[in-house]
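Got the viewer open and a hand on the mouse? Here is a short tour, stop by stop, with something to select at each one.

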Amino acid sequence: MATTKVTPVPGKLPQLRAELDPMLGKYIYQYTINCDGTIILAAVMNGILTDVVRSLEREKLIVG
């Protein structure tokens, strides 16, 4: 299991969730939104998680 913590760009949480929802079960198996605004992504392999984070950074949905 691999996890990473990401921080959404302010005001982009709805767009970020719209990107993450279709990824559930395909690339990531869980994401958790913490009370401090960060999100923990969980995937089976670290490489998959790295690709997901890169994609979200390219879309400017998370702070890189």
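Before the first selection, one definition: a patch here is built from residues with over 30% relative accessible area and no salt bridge, and nonpolar side chains are joined into it within 5 Å. Keep in mind, too, that this is a predicted model.

**Stop 1: the surface patch**

Select Met1, Tyr29, Val44 and Met45 and show them as a surface. Together they form a nonpolar patch with about 490 Å² of accessible area. To get your bearings, click on Met45, which sits in the loop linking strand S3 (39-43) to helix H2 (46-58).

**Stop 2: along helix H2**

From Met45, move into helix H2 and pick Asp51 and Arg54. These two are three residues apart in H2, about one turn of the helix. Show their side chains and you'll find a salt bridge, 3.7 Å from N to O. The cut-off for calling it one is a Lys or Arg side-chain nitrogen within 4 Å of an Asp or Glu carboxyl oxygen. By that rule, the count comes to one salt bridge. As general background, side chains of opposite charge can pair when their charged atoms come close.

Are these two buried or exposed? Neither quite fits: Asp51 is partly exposed because its relative accessibility is 47%, and Arg54 is partly exposed too, at 48%.

**Stop 3: the core**

Now hide the surface and look inside. The largest nonpolar core has 16 residues, and Leu16, Leu20, Ile28, Leu41 and Leu56 are the ones that touch the most other members. Colour strand S1 (2-6), helix H1 (13-20), S3 and H2, since each of them supplies at least two residues of this core. H2 gives the most, with four residues.

Zoom in on Leu16 next. Leaving aside residues up to four places away in sequence, which ones does Leu16 touch? The contacts are Pro8, Ile39, Leu56, Leu61 and Ile62.

**Stop 4: Pro14, on helix H1**

Stay on helix H1 and select Pro14. Pro14 counts as exposed because its relative accessibility is 57%. Draw a distance from its C-alpha to that of Leu61: the two are 47 residues apart in sequence but 9.7 Å apart in space.

**Stop 5: the loop between H1 and S2**

Follow the chain into the loop between H1 and strand S2 (30-33), where Asp21 sits. With a relative accessible area of 42%, Asp21 is partly exposed. Show side chains here and look for the polar contact of 2.6 Å that joins Asp21 to Tyr31. For a sense of scale, the C-alpha atoms of Asp21 and Thr4 are separated by 17 Å, and these residues are 17 apart along the chain.

Tyr27 is in the loop between H1 and S2 as well. At 41% relative accessibility, Tyr27 counts as partly exposed. Its contacts, not counting residues up to four places away in sequence, are Ala43, Ile48 and Val52. If you draw a C-alpha distance from Tyr27 to Ala42, you get 9.1 Å for a pair 15 residues apart along the chain.

**Stop 6: Thr38, in the next loop**

Jump to the loop between S2 and S3 and select Thr38. Is Thr38 buried or exposed? It is buried, because its relative accessible area is 9% and the cut-off for buried is under 20%. Its side chain makes a polar contact of 2.7 Å with the side chain of Asp36. Switch on the neighbours and Thr38 also touches Lys5, Val6, Thr7, Pro8, Thr32 and Ile33, again not counting residues up to four places away in sequence.

**Stop 7: past the end of H2**

For the last selection, go to Lys60, in the segment after H2. Lys60 is exposed, with a relative accessible area of 59%. What is there to look at in the backbone of Lys60? Its phi is near 60 degrees, a positive value in a residue other than glycine. By way of comparison, most residues other than glycine have a negative phi.

Methods. Residues are numbered from 1 along each chain as its sequence is written. This is a predicted model: local features need pLDDT of at least 70, side-chain atom pairs count only at pLDDT 80 or more; totals for chains, interfaces and linings use all residues. Side-chain values use heavy atoms; hydrogens and water are left out. Patches are made of residues with over 30% relative accessible area and no salt bridge: like charges are joined within 9 Å, nonpolar side chains (Val, Leu, Ile, Met, Phe, Trp, Tyr) within 5 Å. Accessible areas come from the Shrake-Rupley method with a 1.4 Å probe; for residues, only the protein chains shown count as cover. Buried means under 20% relative accessible area, exposed over 50%, partly exposed in between (1.4 Å probe, protein chains only). A nonpolar core is a set of buried Ala, Val, Leu, Ile, Met, Phe, Trp, Tyr and Cys residues joined through side-chain atoms within 4.5 Å. Contact means heavy atoms within 4.5 Å. A polar contact is a pair of N or O atoms within 3.5 Å; within protein, one must be able to donate a hydrogen and the other to accept it, and residues adjacent in sequence count only if both atoms are side-chain atoms.
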